[in-house]
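Welcome, and please load the model in your viewer. We will go from one selection to the next, with a short note on what to look for at each stop.

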Amino acid sequence: MRTADFDFPLPQELIAQHPAPQRDQSRLLVFHRPDGALTHGRFSELPNHLATGDVLVLNDTRVIPARLHGTNARTGGAFEVLLLEENAPNDWWALVRPGKRAKVGAKIVLRRLDGQPSSIQAEVLDKGDGLRHRLRFAGTSDLVRALDDLGEMPLPPYIERPAPNQTPEDKDRYQTVFATSAGSAAAPTAGLHFTTELLEKIRSKGVKVCFVTLHVGLGTFAPVRVQNLAEHVMHEEWFSLGEATASAIQTAKKAGRRVVAVGTTTVRVLESVAAQHDGEILTAQGRTRIFIHPPYRFRVVDALVTNFHLPCSTLLMLVSAFAAPGETRGRETILNAYAEAVRERYRFFSYGDAMLIL
């Protein structure tokens with residue numbers, strides 16, 4: 001399949017710039033795979049689509065204030081740094097813009113949120129695969145502890161904010177209510193719709209709520225730069241799946257109950273582990289670069305909660321695969337559903353509305 005096959009027209013005004021006033025009052029488009037029906041509702045109605053014995057799996061990664069600003073220590077030129085992955089304390093892979101000026105050996109003086117220079121510097125150690133730079137930070141014992149004074153929430157570029165973008169709304173709403181494990185450069189956006197009260201309502205129905213961790217980085221949001229999908233290589237992302245989640249999924253599968261994944265990152269964890277263990281879900285920790293696109297056959301996930309994704313993105317390709325597992329027609333099915341969402345004025349992307357695929 002070609003990358004261009006996953007393009008679609010989207011009016012600019014449907015790209016959500018702010019979250020819904022209440023998390024669970026986002027709209028919910030429900031796609032019923034058996035008959036192709038589309039129904040409309042609110043996210044607060046999600047429990048109506050779940051049943052006793054189901055397992056709901058969410059990604060509990062926590063977004064860090066990963067967007068930093070600084071200046072070249074020698075020339076004074078401006079840099080923007082997006083932290084991607086920590087190798088060791090003060091040793092990070094990052095995106096640096098402008099990348100061409102971030103030469104090996106260059107030193108960047110980081111600015112505080114008030115615009116003043118800090119005592120922390122980043123030195124460019126290595127240029128990775130053309131997108132990433134390896135940075136070593138000095139002036140602090142651990143950069144993570146300094147991020148609240150230096151970093152902005154890493155909102156995607158299609159959400160427009162005046163600089164700096166460290167607003168109270170974004171600090172709260174570009175984070176799930178169940179986030180615990182810090183390390184992501186972007187939010188697992190399908191989880192943004194949940195409230196503590198909604199999760200309790202789901203549990204009260206006899207649904208088991210479980211968690212995995214995948215720290216969102218380039219593997220999730222990097223664009224596809226090749227024409228043929230077979231040539232695209234995902235970047236690795238770190239994940240963890242604990243004993244409680246593995247046990248709950250095993251029990252559900254044996255009883256013929258559903259595993260409902262919240263978000264494409266959760267799907268990638270579950271399907272990565274299943275691929276490594278001949279279809280079984282076991283306790284696991286490691287790195288994944290799984291690329292799911294039609295005609296992928298799913299081993300674990302039975303239903304999916306997801307947002308509306310960017311054209312030609314790996315996330316849209318995964319959702320298309322889930323719409324018709326083992327076939328290629330899911331692409332057309334999902335693009336038809338997206339066209340319906342456009343007609344009904346759903347809100348798209350990170351702060352947008354949600355879709356449930358059953």
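## First stop: a hairpin

Select β8 and β9, which form a hairpin with five residues between them; in the turn, G115 has a positive phi of about 90 degrees. Helices (H or I, at least four residues) and strands (E, at least two) are DSSP runs, numbered from the N terminus. Before going on, note that this is a predicted model, in which local features need pLDDT of at least 70 and side-chain atom pairs count only at pLDDT 80 or more, while totals for chains, interfaces and linings use all residues. Residues are numbered from 1 along each chain as its sequence is written, and side-chain values use heavy atoms, with hydrogens and water left out.

Keep the hairpin on screen and look at its pairing. Two strands pair if DSSP finds at least two bridges between them. Strand β8 (residues 107-111) and strand β9 (residues 117-127) are antiparallel, with four bridges. Label I108 and you will find its bridge partner, A122, in β9.

Now add strand β5 (residues 67-72), which runs antiparallel to β8 and is joined to it by three bridges. Here G70 is opposite L110 of β8.

## Zoom out

Show the whole chain as a cartoon. The protein has eight helices and 17 strands, and its C-alpha trace spans about 65 × 45 × 40 Å along the principal axes. How does the radius of gyration agree with that of a compact globule? With 358 residues, such a globule would have a value near 21 Å, and the protein has 20 Å, which agrees. The radius is taken over C-alpha atoms, and the globule rule is 2.2 Å times the number of residues to the power 0.38.

Switch on a surface. The accessible area is about 15400 Å², and 49% of it belongs to carbon and sulfur atoms; such areas come from the Shrake-Rupley method with a 1.4 Å probe, and for residues only the protein chains shown count as cover. Of the 358 residues, 56% are buried. Buried means under 20% relative accessible area, exposed over 50%, and partly exposed in between (1.4 Å probe, protein chains only).

For contacts (heavy atoms within 4.5 Å), take the pairs of residues at least 6 apart in sequence: 70% of these join residues at least 24 apart.

## Into the interior: β16

Hide the surface and select β16, residues 303-307. Five of its five residues are buried, so this strand is largely enclosed by the rest of the structure. In a regular strand the side chains alternate between the two faces of the sheet. In β16, A303, V305 and N307 are on one side and L304 and T306 on the other, and both faces are covered.

Which strands pair with β16? Add strand β14 (residues 259-262), which is parallel to β16 and joined to it by three bridges; A261 has L304 as its bridge partner. Then add strand β17 (residues 354-357), which is antiparallel to β16 with four bridges. T306 is opposite M355 of β17.

## Next door: α7

Select helix α7, residues 314-323. Is this helix enclosed or exposed? Ten of its ten residues are buried, so the helix is largely enclosed by the rest of the structure. Among them are L316, M317 and F322. To see what these buried residues pack against, add β1 (27-32), α4 (218-221), α6 (264-276), β16, α8 (330-343) and β17.

## Backbone details

Most residues other than glycine have a negative phi, and most peptide bonds are trans. Four places are worth a label here.

- Peptide bond between R97 and P98: cis, with omega about -5 degrees. P98 is in the loop between β7 (91-97) and β8.
- Peptide bond from P294 to P295: cis, with omega near 5 degrees. P295 is in the loop between β15 (284-288) and β16.
- D278: phi is near 55 degrees, a positive value. This residue lies in the loop between α6 and β15 and is exposed, at 70% relative accessibility.
- R345: phi is near 65 degrees, also positive. This residue lies in the loop between α8 and β17 and is partly exposed, at 42% relative accessibility.

## Last stop: E243

Finish in helix α5 (residues 243-254), where you will find E243. E243 is exposed, with a relative accessible area of 53%. Draw a C-alpha to C-alpha distance from E243 to T264: the two are 21 Å apart in space and 21 residues apart in sequence.
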